[in-house]
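Me: I am new to this structure and would like to be taken through it with some care. Could we go through it by question and answer?

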Amino acid sequence: MRQSSLVVVANRLPVDDNIAPDGACEWRRSPGGLVSALHAILEHTTATWVGWSGTAGPAPGLPDIGGISMRPVPLTEDDFAHFYEGFANSTLWPLYHDAVEQPTYHRSWWDAYQRVNQRFAEAAAEVAAENAVVWVQDYHLQLVPAMLREMRPDLLIGFFMHVPFPPPELFMQLPRRAELLGGLLGADLVGFQRAQAAHNFAQLCTKVLGLPATDRRIAVGERFVRTGAFPVSIDVAEMEALSGRPDVRTRARQIRTDLGDPKHVLLSVDRLDYTKGIEHRLKAYSELLEDGLVKVRDTVMVQVAVPSRERVEHYAILRDRVEREVGRINGEFGRVGEPAIHYLNQQFDRSELAALYQAADVMVVTPLRDGMNLVAKEYVAARVDGGGVLVLSEFAGAADELDRAFLVNPHDLEGLKRSLIDAIDCPKPERADRMSAMRTHLRDHDIRDWARSYLTALEDTGALAERLTA
Ligand code: G6P
């Protein structure tokens, strides 16, 4: 087994869900996913990626991908149900997203969470070279930093939380709150998307564990754990290149033709998840149709809803509700050959997405809570023509940076409707001005800057020097 000086540990390996019997697979690039974010920087590094293939059962043998060695961690059916669908996605996910759906607590899920985190920590310990940097990702693996430190005190350990980190009022609900905080404190640097999350974490370390803490560092015995905000980004150059391809441009024009050449195309692209505010958005659009403020022939809405976590009850219920509502709106407002909403519940490849982004006059990204939302950033990067308008929820991490979007509170239906109309009517020079400011920001803050600033801060924690002099 090759040992690496950089190890990424994430619940998912960056591979397609469909691994061929001979192990052939492709990078998995689902919209808004963690893998999209990390792919760009690791492509050119010698590193090992520790993660799960996406299918329950024995770990598949996987070839290196782009020079990165894959170390699959198996999940059994029981782990899948209790760790992934259970503790990760029915306890932590809803709780960390403002409890927009009720989190569920089961003691057996906690056992699975511990067991699977231990398995990931052991795999990372096995592939990490002496003094390696190990970068643990996201809410699935919050116990890994402390487990890893216990086994391998020589390592420099980073943790990055891609989802929001909740305020004490919510986090305090967790029956195993102290253990989860203790797990994260095994890292040398705990990174978050927004400064508010680092603040919540520091407050909780004091409240639950009695540790002296500021928003930048927490004292744990002899050590200091650093914290801070490192807003994740996308591979801007890759999206620009894709969007500039002649076939993608042709496809974008074709999409508009297929949509009946309307004056305005509105687009939303989400995983089918209750945090994304899909129902609120549909309601706003339906009321605009009802009020006569938008007309089906002039305006078309495209909702891409990528299937996600389909066996988890909240997701299955959401899908039924969204599909019923789309059916109602089309039934009421559509005409033969002219639906009010084009609803696509399927995976999309990157070039088709880039074409859709270019075909859309208004991109509507209105989550109720979102760690970052990379789709908003992808849309901006894809608009190499300088066109397009973004409507963005202030509850997405991206709102801190993309402040020239039309920022909305998705719970405020009247405000949401008004912003949709303002975006549709936005004069061309203003669109160009807003888009250009956001594109400039993104160019200066792409995925490589994110990785570089995080890894530099990790190296700067001082832990490295301590380890070398110990
Ligand atoms: C969010 C999480 C990621 C996750 C992705 C897709 O972006 O932060 O960790 O991989 O959703 O969800 P899934 O459950 O399919 O991995």
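The questions below turn to confidence, then to the nonpolar core, and then to a pair of helices.

Me: Over which residues is the pLDDT below 50?
Reply: This is a predicted model, and its mean pLDDT is 92, with 92% of the residues reaching 70 or more. One stretch falls below 50 and yet has 29 contacts in the model beyond near neighbours in sequence. Where pLDDT is low, the predicted coordinates should not be read in detail. The stretch in question is residues 27–34.

Me: Which helix gives the largest share of the largest nonpolar core?
Reply: The largest nonpolar core has 146 residues, and among those with the most contacts inside it are Val7, Ala124 and Leu390. Val7 is itself in contact with Ala124, and also with residues including Ala47, Val50 and Val134, once its neighbours within four places in sequence are left aside. The largest share of the core, ten residues, comes from residues 107–127, which form helix H3.

Me: Is H9 parallel, perpendicular or oblique to H12?
Reply: The axes of helix H9 (residues 246–258) and helix H12 (residues 350–359) come within 8 Å and cross at roughly 55°. Angles from 35 to 65 degrees fall outside the roughly parallel and roughly perpendicular ranges, and therefore H9 counts as oblique.

Me: What is the handedness of the crossing in which H9 passes H12?
Reply: Residues of H9 including Val248, Ala252 and Ile255 meet residues of H12, among them Ser351, Ala355 and Leu356. As H9 passes H12, the crossing is right-handed.

Methods. Residues numbered from 1 in each chain as written. Predicted model: local features only at pLDDT ≥ 70, side-chain atom pairs only at ≥ 80, totals over all residues. Core = buried A, V, L, I, M, F, W, Y, C linked by C-beta atoms within 7 Å. Buried ≥ 20, exposed ≤ 12 C-beta atoms within 10 Å, placed from the backbone. Helix = DSSP H or I, 4+ residues; strand = E, 2+ residues; numbered from the N terminus. Contact = placed C-beta atoms within 7 Å. pLDDT = per-residue confidence, 0-100. Axes fitted to C-alpha atoms, helices over the stretch in contact; angles between N-to-C directions. Parallel < 35°, antiparallel > 145°, perpendicular 65-115°, else oblique. Left-handed = near helix turned anticlockwise from the far one by under 90°.
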